[in-house]
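Got your viewer open? Let's take a walk through this one together, one selection at a time.

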Amino acid sequence: MKIAKIEPYVIVHKLDTPFYFSQWQYDTRKICIVKVILEDGTYGWGEGYGPAGVIKAGIEFFTPFLLGRDALGHEVLWQEMYRRSLDYARSGSLQAAVSAIDVALWDIKGKLLDQPVSVLLGGVKNPVIEPYATGLYFTRVDNLEELLVEEALLYKSQGFKATKMKVGLGIKEDIKYVAAIRKAIGPEMRLMIDSNHAYSYKEALELSRKVEKYDISWFEEPVSPEDYDGYRRLRENTTIPIAGGECEYLKFGFKRLFENDCVDIAQPDICATGGLTEAKRIATLAQAYNKDVIPHSWGTWIAISAAVHFVGNLDKNPGRMYNDLPTMELDRTENALRDEVTKSEIVVKNGLLNVPNTPGLGVDVDIDALEKYREIDEAKIEFRL
Ligand code: MG
């Protein structure tokens, strides 16, 4: 079945309540999604994680090489896109464009073969997933500690068994918020921290040592993604498991992370690291290095659904008969693009979700909402006029 059309869209929403983390403030959510359409009208949706305009340009770059090609040969097309990008962009947002197209092709494959993506990935090992709530960002208020505690308690009341909070404001301030949240949620709920690479090795070590007593399930992106040595030394010197990988691309990026023994938990973002095709290979590589995989996810229900099918198929390292339910990231922050533009069958209830068993990803787009939030390219309109 041949590819007839590839339509990338940039969708934008100005947030009601801007929030920030260690690197910058979010005032707006801006996401690139893509619709790949076949000759018979069958279509699939994909999404790229990263600067939306750059990803859209990347999709437009790959489009001429994909039109008229067989959609079921998605791995062949992946190799083609990889080869076309190798000389210029071995990592970065062009790979997010590859990812977006790849995810859409998996959605199409599921629809054509009448199977959910998780089955096509090799079967559903985990029909039920226990996602963790991502939130606990910072807002510019006087009572931040109070608001963070309230938010953490909201996740607890919704049944989430784990939540991840931001750190990276400075060690003293971080400890204050970690202590307050742990005290509020009690000892049972798992708590993770994420600095988004805010710290040097020595700072990250100091923070780790000082928050070890709060039972932190992992410290995510403690140091710069370029600082492989810092990652390794930190991992050797703290009892807190170390997580990272949302800034790595393709199996080659993760190979560096694993060879340098940087992490306990690898966090590929399916919509950036090379799509479901490459994420599956990264999971295999992780198994060879005895590392666990818990994907990073930040976007619409298209991205979340891709992660759900991936985790549905994922094996735990090491395996055992009685394991905890697998987890994955579930962003709970304000996102109209996720909630209005995309429609999913996935229901999150009592902190659990089921892997959908409908064909493809089990996600669709509300065309009216797409038009409402779509970024109009002024230059192109002028040109058309
Ligand atoms: Mg993170």
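Which residues coordinate the magnesium ion? Select Asp194, Glu220 and Glu246: they hold the magnesium ion through OD of Asp194 and OE of both Glu220 and Glu246, at 2.0 to 2.2 Å. Donors here are N, O and S atoms within 2.8 Å of the metal (3.2 Å for Na, K and Ca), and water is not among the atoms, so sites may look incomplete.

Before moving on, a word on what you're looking at. This is a predicted model, in which local features need pLDDT of at least 70 and side-chain atom pairs count only at pLDDT 80 or more, while totals for chains, interfaces and linings use all residues. Residues are numbered from 1 along each chain as its sequence is written, and side-chain values use heavy atoms, with hydrogens and water left out.

**Stop 1: around the metal**

Keep the magnesium site on screen and look at the sequence: the donor residues are spaced D-x25-E-x25-E. The pair of Asp194 and Glu246 links distant parts of the chain, 52 residues apart, with Asp194 in strand E7 (residues 190-194) and Glu246 in the loop between E9 and H9. Helices (H or I, at least four residues) and strands (E, at least two) are DSSP runs, numbered from the N terminus. Asp194 and Glu246 are both buried, where buried means under 20% relative accessible area, exposed over 50%, and partly exposed in between (1.4 Å probe, protein chains only).

Now add strand E8 (residues 216-220), which pairs with E7 in the parallel sense over three bridges. Two strands pair if DSSP finds at least two bridges between them. Asp194 has Glu220 as its bridge partner in E8.

**Stop 2: the loop after E7**

Next, pick Asn196 and His197. Asn196 lies in the loop between E7 and H7, and so does His197. Asn196 has a phi near 50°, a positive value in a residue other than glycine. His197 is not a glycine either, yet has a positive phi of about 50°. Are they buried or exposed? Asn196 counts as buried at 6% relative accessibility, whereas His197 is partly exposed, with a relative accessible area of 26%.

**Stop 3: the sheet**

Show the strands as ribbons. You'll find an open sheet of eight strands in the order E11-E10-E9-E8-E7-E6-E5-E12, with parallel pairing. Strand E11 (292-293) and E12 stand at the edges with a single partner strand each, so one side of each has no neighbour in the sheet.

Now click on strand E6 (residues 162-166). Five of its five residues are buried, so E6 is largely enclosed by the rest of the structure. Ala162, Lys164 and Lys166 cover one side, and Thr163 and Met165 the other. Strand E5 (residues 132-134) pairs with E6 in the parallel sense over two bridges, and Thr134 has Lys164 as its bridge partner in E6.

**Stop 4: the cores**

A nonpolar core is a set of buried Ala, Val, Leu, Ile, Met, Phe, Trp, Tyr and Cys residues joined through side-chain atoms within 4.5 Å. The largest one has 84 residues, of which Ile33, Val178, Ile181, Val211, Leu276, Phe310 and Val341 touch the most other members. Helix H11 (residues 301-313) gives the most to this core, with eight residues. At least three residues come from each of domain 1 (3-114 + 367-373) and domain 2 (118-365); the domain bounds come from an automatic or database domain assignment.

Zoom in on Val211. Beyond its neighbours within four places in sequence, Val211 is in contact with Ile175, Val178, Ile193, Ile216 and Ile240; contact means heavy atoms within 4.5 Å. A second, separate core of 30 residues includes Cys32, Phe62, Ala97 and Val98.

**Stop 5: one helix, one side**

Which residues of helix H8 (residues 228-237) are buried? Select Tyr228, Gly230, Tyr231 and Leu234. They cover an arc of only 160° around the axis (taken from the directions from the helix axis to the C-beta atoms), which puts them on the same side of H8. These buried residues pack against helix H7 (201-211), strand E9 (242-244) and helix H9 (250-259).

**Last stop: a cis peptide bond**

Finally, go to Pro318, in the loop between H11 and strand E12 (329-331). The peptide bond from Asn317 to Pro318 is cis, with omega near -10°.
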